[in-house]
Amino acid sequence: MQKRTSYLISKAFKNYLGASVLTVAATQVANIADASIVGNLIGPEGLAAVNLSKPVIQAIYSITCLYMSSSTILAGMAIGKGDKEKANKLFSFSLLVSLALGAIIVVGGLGAFDALSDMLCKSDNLRQLSNDFLFVTLLSTIPMMLMFTFHQFVTTDGSPKLISQAVIVGNIVNIGLDIILIKYANMGIKGAAWATFFMYVVCVLMVLPHFRKNFAFQDSNS
């Protein structure tokens with residue numbers, strides 16, 4: 001029994017490790033390609049404007065991690081004990097928190113947009129580009145937080161490969177839309193921001209069937 005248990009643990013570790021490495025690699029490659037596309041189609045000013053919004057994205061990610069870390073640990077423990085009802089409540093709670101906090105960040109960010117813009121961008125030459133990208137980035141808060149939430153819980157529920165697939169497909173969509181919206185739709189920096197928005201949406205839609213089938217909307221008596 002001990003040998004079999006060790007084998008299963010080792011196999012699970014390799015599955016999670018491989019999926020994690022693939023996810024990180026795909027994300028980094030996409031980030032490089034994304035930066036290259038924006039830099040070439042818009043110019044260095046466009047690339048600078050994108051980077052100026054990075055603190056906002058990192059702040060949103062950090063806020064999500066604050067409550068997701070504890071929720072996923074508790075959900076993992078509940079899944080291990082076969083307590084689907086408790087894990088289901090944790091999923092639902094985290095989803096509602098993501099929606100509520102996302103809405104607060106969007107409303108607060110747009111309400112204090114000028115102050116936020118002044119804090120992030122000190123250059124008048126970059127101000128319009130930075131504002132255009134920042135505006136759409138704030139609108140992307142809810143799908144971004146939902147993506148983080150769904151991905152964490154689907155991984156906890158034992159499907160890390162699905163997350164890798166979602167990240168890869170999402171980044172391909174992002175790169176493709178960058179080219180289409182910037183070059184052919186003449187949307188400029190806004191096109192790059194909306195491409196990222198739709199990347200989040202695609203990632204959420206790809207994992208949603210697993211979330212609905214295996215967990216969040218199960219009957220608690222099943």
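1. A residue counts as buried when its relative accessible area is under 20%, and as exposed when that area is over 50%, with partly exposed covering the range in between. By that cut-off Phe197, with a relative accessible area of 17%, is buried. The model discussed in this note is a predicted one, and the remarks below should be read with that in mind.

2. On the overall fold, the protein has nine helices and zero strands, so that what follows concerns helices and the loops between them. Of the 222 residues in the protein, 41% are buried. The protein exposes about 12,000 Å², and 66% of that area is supplied by carbon and sulfur atoms. When contacts between residues at least 6 apart in sequence are considered, 79% of them join residues that are at least 24 apart.

3. On the aromatic residues, a search of the whole structure finds five aromatic pairs. One of them is formed by Phe113 and Phe135, whose ring centres are 6.3 Å apart and whose planes stand at 75°, so the pair is edge-to-face; the cut-off behind that label is an angle over 60 degrees. Because Phe113 belongs to helix H5 (residues 113-120) and Phe135 to helix H6 (residues 124-139), the pair ties together parts that are 22 residues apart in sequence. The two partners may also be described by their accessibility: Phe113 is buried, with a relative accessible area of 14%, whereas Phe135, with a relative accessible area of 40%, is partly exposed.

4. A further pair is that of Phe197 and Phe198, in which the ring centres lie 5.4 Å apart and the planes are at 85°, so this pair too is edge-to-face. Phe197 is the buried partner, at 17% relative accessible area, while Phe198 counts as partly exposed at 37% relative accessibility. Ring pairs also bring in Trp194, linking Trp194, Phe197 and Phe198 into a cluster.

5. Phe197 appears again in the surroundings of Ser140, a residue found in the loop between H6 and helix H7 (141-156). Ser140 is buried, with a relative accessible area of 2%. If its neighbours within four places in sequence are left aside, Ser140 is in contact with Phe197 and Tyr200, where contact stands for heavy atoms within 4.5 Å.

6. On the packing of H7 and H8, the axes of the two helices come within 7 Å and cross at roughly 150°, which makes H7 roughly antiparallel to H8. From H7, the residues His151, Val154 and Thr155 meet Pro160, Leu162, Ile163, Ala166 and Val167 of H8. Sorted by class, this contact of H7 with H8 has six nonpolar, two polar and no charged residues.

7. Ile163, one of the H8 residues that take part in this contact, deserves a separate remark. Ile163 is found in helix H8 (residues 160-184), and at 7% relative accessibility Ile163 counts as buried. The C-alpha atoms of Ile163 and Met206 are separated by 8.5 Å, although the two residues are 43 residues apart along the chain.

Technical notes:
Residues are numbered from 1 along each chain as its sequence is written. This is a predicted model: local features need pLDDT of at least 70, side-chain atom pairs count only at pLDDT 80 or more; totals for chains, interfaces and linings use all residues. Side-chain values use heavy atoms; hydrogens and water are left out. Helices (H or I, at least four residues) and strands (E, at least two) are DSSP runs, numbered from the N terminus. Buried means under 20% relative accessible area, exposed over 50%, partly exposed in between (1.4 Å probe, protein chains only). Accessible areas come from the Shrake-Rupley method with a 1.4 Å probe; for residues, only the protein chains shown count as cover. Rings of Phe, Tyr and Trp (its six-membered ring) pair if their centres lie within 6.5 Å; planes under 30 degrees apart count as stacked, over 60 as edge-to-face and the rest as tilted. Axes are lines fitted to C-alpha atoms, for helices over the stretch in contact, and angles run from 0 to 180 degrees between N-to-C directions. Angles under 35 degrees count as roughly parallel, over 145 as roughly antiparallel, 65 to 115 as roughly perpendicular and the rest as oblique. Ala, Val, Leu, Ile, Met, Phe, Trp, Tyr, Cys and Pro count as nonpolar, Asp, Glu, Lys and Arg as charged, and the others, Gly among them, as polar.
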